[in-house]
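Work through these short exercises with the model open beside you. Try each task before you read its solution.

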Amino acid sequence: MSKKYNVGIVGATGMVGQRFATLLENHPWFNVVCLAASSRSAGKKYSEAVGKKWCMDKDIPEAMKDIVVMDATADIDKITSMVDFVFCAVDMKKDEIKKLEEEYAKHECPVISNNSAHRFTPDVPMVVPELNADHINIIPEQRKRLGTKRGFIAVKYNCSLQSYV
């Protein structure tokens with residue numbers, strides 16, 4: 001694979017967002033160009049926004065320390081113009097998560113969600129690649145509902161299912 005995808009982490013300051021940061025550090029396929037979180041963290045360097053809340057065994061990825069955190073809600077236009085897609089790990093109420101993820105999709109930005117909010121939305125695939133890769137075939141129906149050409153939402157399966165797989 002020669003192309004690296006520019007990606008963002010929405011919810012970057014929380015524990016799951018931090019895990020995304022460590023997993024994506026020096027990844028051969030992904031280049032993290034954007035970090036987003038709540039308005040409380042927006043405008044701060046990632047290292048300052050996370051501060052003492054950093055809870056991973058590894059240090060904050062060097063390439064991400066000085067990235068200025070954007071507001072996950074207010075800066076959607078700017079975020080979606082910078083990335084090929086986003087990983088979403090926000091800590092919000094389910095209805096707020098659904099609204100936010102659909103807004104990113106409507107900005108023609110694919111969303112790979114770690115949240116449970118859309119796990120029961122009929123046209124949002126929950127893909128376990130080894131078992132049901134064909135579930136991505138529902139995405140055109142989701143795009144019709146959302147009125148998008150490129151944007152969509154796909155969710156990661158939960159930890160209970162993960163242990164069975």
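**Exercise 1. In what order do the six strands form the open sheet?**

Start with the ground rules. This is a predicted model, where local features need pLDDT of at least 70 and side-chain atom pairs count only at pLDDT 80 or more, while totals for chains, interfaces and linings use all residues. Residues are numbered from 1 along each chain as its sequence is written, and side-chain values use heavy atoms, leaving out hydrogens and water.

Step 1. Read off the order: E3-E2-E1-E4-E5-E6, with parallel pairing. Strands here are DSSP runs of E with at least two residues, helices are runs of H or I with at least four, and both are numbered from the N terminus. Two strands pair if DSSP finds at least two bridges between them.

Step 2. Find the edges. They are E3 (70–71) and E6 (153–155), and each pairs on one side only.

**Exercise 2. Trace the pairing of E1 with E2 and E4.**

Step 1. Take E1 (residues 5–10) and E2 (residues 30–37). Six bridges join them in the parallel sense. Asparagine 6 has asparagine 31 of E2 as its bridge partner. Isoleucine 9 is matched with leucine 35 in E2.

Step 2. Follow the chain between them. It leaves E1, passes through helix H1 (residues 15–24) and enters E2 in a right-handed β-α-β crossover. Right-handed means that, with the strands pointing away from the viewer, the path from the first strand over the helix to the second runs clockwise.

Step 3. Turn to E4 (residues 85–88). E1 pairs with E4 in the parallel sense over four bridges. Valine 7 is opposite phenylalanine 85, and valine 10 is opposite cysteine 88.

**Exercise 3. Which way do the residues of E4 point?**

Step 1. Phe85 and Phe87 point one way, Val86 and Cys88 the other.

Step 2. Check their burial. All four are buried, that is, under 20% relative accessible area (exposed is over 50%, partly exposed in between; 1.4 Å probe, protein chains only).

**Exercise 4. Is glutamine 18 buried or exposed?**

Step 1. Locate glutamine 18: it belongs to helix H1.

Step 2. Read its area. With a relative accessible area of 1%, glutamine 18 is buried.

Step 3. List neighbors. Leaving aside residues up to four places away in sequence, glutamine 18 touches residues including Tyr46, Val50 and Trp54. Contact means heavy atoms within 4.5 Å.

Step 4. Look at the side chain of glutamine 18. It reaches the backbone oxygen of threonine 13 at 2.9 Å and that of lysine 53 at 3.1 Å.

Notes:
Polar contact = N/O pair within 3.5 Å; in protein donor to acceptor, adjacent residues only side chain to side chain.
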